[in-house]
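Student: I would like a close look at one part of this protein. Please take me through its nonpolar core.

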Amino acid sequence: MYSKKFSVRKITAMLIIAMAVTMFYSCDNDSDAEGKARVKVSMTDAPGDYKNVFIDVQDVKVKSNTSADEEGWVSLSGVEPRIYDLLELTGGVTQMLANSEMEPGTLGQIRLILGPDNTIVLNDEVGTVVNLSAPSTEQSGLKLQVNQELEAGMEYEYLLDFDVDQSIVSAGASGGYILKPVIRLVNLKDTGIIKGEVQPSLSQSVVKAANAANTITAYAAADGKFSLNGVPAGTYQVTVTPAVTSGLAVKVINNVQVSSGASADLEVIFLEDL
């Protein structure tokens, strides 16, 4: 009897100790997580006159300062090397590239590193595929200045907004094309959204918001819906330009107010015949 009681007490004590150890490590891990900042990097695209624009994303790196030296670059976790079609990232669609924890401190720069497999499909009858050369970006990556103080327990999301028309350059008489990425880096915390819907939806419209300092562009999706992400606060003129073959007129909406962290909903925009 004594032996059984002793065994029960011994087992109970061991369980209590095990639970205490588990709770200690759990709290310790939570403390570690709370002591770091979370950094997310996503990608979107402004329209371009191509059927497809394929870019080979290999890595996303960050650096704690803005100096020109090559020391201190660290890869963000969660990056999956793969080829993306930029023209699938229009109308407000974004692609998450990295989602990582970082130590608090200064985030000086973000670097996007591309591989060699970059191509475009021309908007011609046969869909000609053309290789894009990007020598400087493949070797050193495209550096984007951030200069953001990261605080423990806070989340920061940055949007890389490709401008396809500016990023693809003709190589001249050779008939080739060069990829020189032009990217607008946006801290989503400091910007707003302009969204709405264009009807008729088959108009294949381009939606542009512009003021003296900024121009943000996107395609309306097949159902007519659009979302301009990463719009700095301010007053904008929004222009909806349908395809020339649609027989519809351009629509202009003035004095669209955008606030940081908020959405300006233009609801349904009806296009009229020419």
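Tutor: Here is a walk through the core, with its terms explained on the way. This is a predicted model, where local features need pLDDT of at least 70, side-chain atom pairs count only at pLDDT 80 or more, and totals for chains, interfaces and linings use all residues. Residues are numbered from 1 along each chain as its sequence is written, and side-chain values use heavy atoms, with hydrogens and water left out.

A nonpolar core is a set of buried Ala, Val, Leu, Ile, Met, Phe, Trp, Tyr and Cys residues joined through side-chain atoms within 4.5 Å. Buried means under 20% relative accessible area, with a 1.4 Å probe and protein chains only; exposed is over 50%, and partly exposed lies in between.

The largest such core holds 40 residues. M43, V53, I55 and L112 have the most contacts inside it. At least two residues of this core come from each of β1 (37-46), β2 (50-63), β5 (95-102), β6 (105-114), β7 (119-122), β8 (129-133), β9 (142-150) and β10 (155-163). β2 gives the largest share, six residues. Strands here are DSSP runs (E, at least two residues), numbered from the N terminus.

Now zoom in on M43. Contact means heavy atoms within 4.5 Å. Set aside neighbours within four places in sequence, and M43 touches I55, V57, Y84, L86, L89 and V93, among others. Its contacts also include T94, Q95, L97, L159, L160 and F162.

Another core lies apart from this one. That core has 20 residues, including A209, A220, F226 and A264. A220 also appears in the largest pocket, as one of the lining residues closest to the pocket centre. A pocket is an open set of points on a 1 Å grid over the protein atoms alone, where a 1.4 Å probe fits, with protein on both sides within 12 Å along at least five of seven lines; lining residues have an atom within 4 Å of a point.

Note on methods:
Helix = DSSP H or I, 4+ residues; strand = E, 2+ residues; numbered from the N terminus.
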